[in-house]
Amino acid sequence: MRILIIEDDALLAERIQEIIEEAGHEVDHALTGEEGLSLAEMESHNVIILDMGLPDMAGNDITKALRNASNNVPILVLSARTQLEDKLAALDLGADDFMIKPFHRDELLARLHALLRRSEGLNSYVVQIGDLQIDIRNKQLLADNKPVTLTRKEFEILELLAMRQGRPVEKSTLMNHLYGSNDKPEIKIIDVFICTLRKKLAEYNKGRHCIETVWGRGYALRDDEAA
């Protein structure tokens, strides 16, 4: 997931960026509305985090400009304003969610992941792969509605692959998703996790693990006979 942060408070933006990168996602940051609109036009993003009070433009004007340009990327508005009228105005102009500052890290990530599911067409918390169901909300892998035992890190890898189903995920992204900014082992640990995960998936999915190696680009979860 690649997220654009449009926020003029450098310290707050840095904290948001840390939270997002620790979860294994990429970040672009703009300090002004004009810079944010330029980045939104030039780059492809999954979600935009937008501050309401920027020095050069109102947040609602940015939302309006994005929607008028047929940019339908989900927008999460951040604001210190608590009035219902402010929230309704932002949503009416095309924002997808509205969160009041200050906020908790876990709430921010939960809202971002919900918006990500929308942007990638995941309308359910459950991703079906062959005979298996990946339950993202409850963090379970199910076979015939029975839990399959995975370690926490194995599921975290599977979760990220499922949320980007069909698209390659780089090893460095998986490392950040697993370890954040903490001390990391050697990157080859990802290959070890993938090997173990493939064996478990194949055991419950008629011999098919569905995790494809995309040379030079990482791994992708694909529900086809070649995987």
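UniProt lists residues 2–116 as "domain: Response regulatory" in an unreviewed entry; its positions are given in the numbering used here, its feature names are shortened, and annotations may be inferred rather than shown by experiment. The structure is a predicted model, in which local features need pLDDT of at least 70 and side-chain atom pairs count only at pLDDT 80 or more, while totals for chains, interfaces and linings use all residues. Residues are numbered from 1 along each chain as its sequence is written, and side-chain values use heavy atoms, with hydrogens and water left out.

**Exercise 1.** Describe the secondary structure over residues 2–116.

Solution. Helices (H or I, at least four residues) and strands (E, at least two) are DSSP runs, numbered from the N terminus. Over residues 2–116 the chain is 47% helix and 21% strand. The end C-alpha atoms of this stretch are 10 Å apart.

**Exercise 2.** Place Asp51 in the fold, and decide whether Asp51 is buried or exposed.

Solution. Step one is the record: the unreviewed UniProt entry annotates Asp51 as "modified residue: 4-aspartylphosphate". Step two is the element: Asp51 lies in strand S3 (residues 47–51). Step three is the accessibility. Buried means under 20% relative accessible area, exposed over 50%, and partly exposed in between (1.4 Å probe, protein chains only). Asp51 has a relative accessible area of 5%, so Asp51 is buried. Step four is the neighbours, where contact means heavy atoms within 4.5 Å. Not counting residues up to four places away in sequence, Asp51 touches Ile6, Glu7, Asp8, Gly59, Leu78 and Lys101.

**Exercise 3.** Do the same for Thr63 and Glu26.

Solution. Thr63 sits in helix H3 (residues 59–68). With 1% relative accessibility, Thr63 is buried. Apart from neighbours within four places in sequence, Thr63 is in contact with Leu50, Ile75, Leu93, Gly94 and Ala95.

Glu26 belongs to strand S2 (residues 26–30). At 39% relative accessibility, Glu26 is partly exposed. Leaving aside neighbours within four places in sequence, the contacts of Glu26 are Met1, Arg2, Ile3, Ile20 and Thr173.

**Exercise 4.** Why does the count of disulfides come to zero?

Solution. A disulfide is a pair of cysteine sulfur atoms within 2.5 Å. The closest cysteine sulfur to that of Cys195 is in Cys210, 16 Å away, and therefore too far for a bond. By this rule there are zero disulfides. As for accessibility, Cys195 is partly exposed at 40%, whereas Cys210 is buried at 0%.

**Exercise 5.** Describe helix H6 and how H6 and H7 pack on H8.

Solution. Begin with the span, whose expected value is 1.5 Å times one less than the number of residues. H6 (residues 152–163) has 12 residues and reaches 16 Å from its first C-alpha to its last, close to the expected 16 Å. H6 is mostly covered, with 11 of its 12 residues buried.

Next come the axes, which are lines fitted to C-alpha atoms, for helices over the stretch in contact; angles run from 0 to 180 degrees between N-to-C directions. Angles under 35 degrees count as roughly parallel, over 145 as roughly antiparallel, 65 to 115 as roughly perpendicular and the rest as oblique. The axes of H6 and H8 come within 10 Å and cross at roughly 80°. H6 is therefore roughly perpendicular to H8. Residues of H6 at this meeting include Ile157 and Leu161, and those of H8 include Phe193 and Leu197.

Helix H7 (residues 171–179) packs against helix H8 (residues 189–203) at an angle of about 85°, with their axes 10 Å apart. H7 is therefore roughly perpendicular to H8. Among the residues that meet here are Leu174 and Leu178 in H7, and Ile190 and Phe193 in H8.
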